[in-house]
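Got your viewer open? Load the model and set it to cartoon view, and we'll walk through it stop by stop.

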Amino acid sequence: MQDKNIMQDILMLEKGVCDLYMHGAIEASTQNINKTFKSALDNSLTMQDCIYKEMESKGWYTTEQADQSKIDTLKQKFTNMQ
């Protein structure tokens, strides 16, 4: 297995962990549990960002800039919903 594939798998797993922690925080029955999930989520988001930056530096994860007209169209759409 190539390094790129391993990093992609790790990134996907970390994103899944973030999702679980977020739902745990939302559903927490006490402040203490909520705080624990929020802390774990923050740590996982930091890890996800580190993984992303490493992949980006190697050219394995690229993003494209959104077209300004598409941004404006979506902005208008959601402004009209209010």
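Which residue just after α2 takes a positive phi? Select Gly59: its phi is about 80°. Keep in mind along the way that this is a predicted model.

**The whole chain**

Zoom out. The protein chain has three helices and zero strands, and along the sequence the pattern reads α-α-α. Its radius of gyration is 17 Å, well over the 12 Å that the globule rule gives for 82 residues, so the chain is more spread out than a compact globule. Turn it along its principal axes and the C-alpha atoms fill a box of roughly 45 × 45 × 15 Å.

Next, color by burial. Of the 82 residues, 16% count as buried. Switch on the surface and you're looking at about 6,800 Å² of accessible area, with 54% of it belonging to carbon and sulfur atoms.

**Helix α1**

Select residues 3-27. That's α1, with 25 residues. Put a distance on its first and last C-alpha atoms: the helix reaches 36 Å, close to the 36 Å expected at 1.5 Å a residue.

Now show side chains for Met7, Leu11, Glu14, Cys18, Gly24 and Ala25, the buried residues of this helix. Look at the spacing as you go; an α-helix has 3.6 residues a turn, so residues three or four places apart point the same way. What do the buried residues of α1 pack against? They pack against α2, so that's where we go next.

**Helix α2**

Select 31-57 for α2. Its 27 residues should span 39 Å at 1.5 Å a residue, and its end C-alpha atoms are 39 Å apart, which agrees.

Show Asn34, Leu41, Ser44, Gln48, Ile51, Tyr52 and Met55: these are buried in α2. The buried residues here pack against α1, returning the favor.

**A stop at His23**

Hop back to α1 and pick His23. Is this histidine buried, exposed or partly exposed? At 40% relative accessibility, His23 counts as partly exposed. Then click Leu41, which sits 18 residues away along the chain from His23; their C-alpha atoms are separated by 9.8 Å.

**Contacts and charges**

Turn on contacts for the full chain. Among those between residues at least 6 apart in sequence, 59% join residues at least 24 apart.

Last, color by charge. You should find 9 positive and 12 negative side chains, and the centres of the two sets lie 4 Å apart.

How values were computed
Residues numbered from 1 in each chain as written. Predicted model: local features only at pLDDT ≥ 70, side-chain atom pairs only at ≥ 80, totals over all residues. Heavy atoms only, no water. Helix = DSSP H or I, 4+ residues; strand = E, 2+ residues; numbered from the N terminus. Expected span 1.5 Å × (residues − 1). Buried < 20%, exposed > 50% of the residue type's maximum accessible area, 1.4 Å probe, protein only. Contact = heavy atoms within 4.5 Å. Rg over C-alpha atoms; globule rule 2.2 N^0.38 Å. Areas by Shrake-Rupley, 256 points an atom, 1.4 Å probe, with all protein chains shown as cover. Lys, Arg positive; Asp, Glu negative; His and termini not counted. Charge placed at Lys NZ, Arg CZ, Asp CG, Glu CD.
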